[in-house]
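Visitor: Could you take me in for a close look at a single part of this protein? I'd like to hear how the pieces there fit together.

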Amino acid sequence: MNWYLIVKYLHIIAVTITTGGMFARQLVRGIAKKSDDVKAVATLTQVAHRIDRMMVIPWSNTILIFGVILALMMKWPIFGFLQGASQNWLLVSNILLIVMLSLIPAVFIPHNKKVEAFLEAALAKGSITSELSAALNDRKNIIAHHAEEIITLVIAALMVLKPF
């Protein structure tokens, strides 16, 4: 049995599920933003949260676990030039990962709390409020999610290509 191939396969599966979940979540949120029905927005928001809880969060943690195991198995330089190595693709990946993870407490959690509060008020009113609409179209959150998607794709490319 080749443990390297098994760990690599599990790592790739985790990347696939996480990335698919990120894009699915954003697709659902995009549909919610365009809806005029507050109940549909509430349902779609719940679906987006469920995708996060079932696909993105647990599988992104799985990516990290199997990624570290792979790096240790293959003796890849996790800290690149900082540990005297000539390869830095994993260091760059780790820096990008830290940037992406920092978006969670800085942008995503506060934004989700704000949307939940505005959504409750809109449901009580029975229609989309201007506050809910503004929260759903928050530019900072949109940019952060685009950054998350781009960083994920760049890290995947670095893992596959190992360019430097």
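Guide: Let's start with aromatic rings. This is a predicted model, and a search of the whole structure turns up one aromatic pair. The partners are Trp76 and Trp89, which meet edge-to-face, with 5.4 Å from centre to centre and 75° between the planes. Edge-to-face is the label here because planes over 60 degrees apart get that name. Now look at where the two sit: Trp76 is in the loop between helix 2 and helix 3, while Trp89 belongs to helix 3, so the pair ties together parts that are 13 residues apart in sequence. Trp89 is buried, too, with a relative accessible area of 1%.

Next, follow the two helices on either side of that loop. Helix 2 covers residues 38-74 and helix 3 covers residues 89-125; they pack at an angle of about 160°, and their axes are 12 Å apart. Angles over 145 degrees count as roughly antiparallel, so that's how helix 2 runs relative to helix 3. Their crossing is left-handed. On the helix 2 side, the residues making the contact include Val38, Val41, His49 and Leu64, and on the helix 3 side they include Leu90, Leu97, Asn112 and Leu123. Sorted by class, this contact has eleven nonpolar, three polar and two charged residues.

Step back, and you'll see the setting: the protein has five helices and zero strands. Its C-alpha trace spans about 60 × 35 × 20 Å along the principal axes, and of its 164 residues, 34% count as buried.

Methods. Residues numbered from 1 in each chain as written. Predicted model: local features only at pLDDT ≥ 70, side-chain atom pairs only at ≥ 80, totals over all residues. Heavy atoms only, no water. Axes fitted to C-alpha atoms, helices over the stretch in contact; angles between N-to-C directions. Helix = DSSP H or I, 4+ residues; strand = E, 2+ residues; numbered from the N terminus. Parallel < 35°, antiparallel > 145°, perpendicular 65-115°, else oblique. Left-handed = near helix turned anticlockwise from the far one by under 90°. Contact = heavy atoms within 4.5 Å. Nonpolar A, V, L, I, M, F, W, Y, C, P; charged D, E, K, R; others polar. Phe/Tyr/Trp six-rings, centres within 6.5 Å; stacked < 30°, edge-to-face > 60°. Buried < 20%, exposed > 50% of the residue type's maximum accessible area, 1.4 Å probe, protein only.
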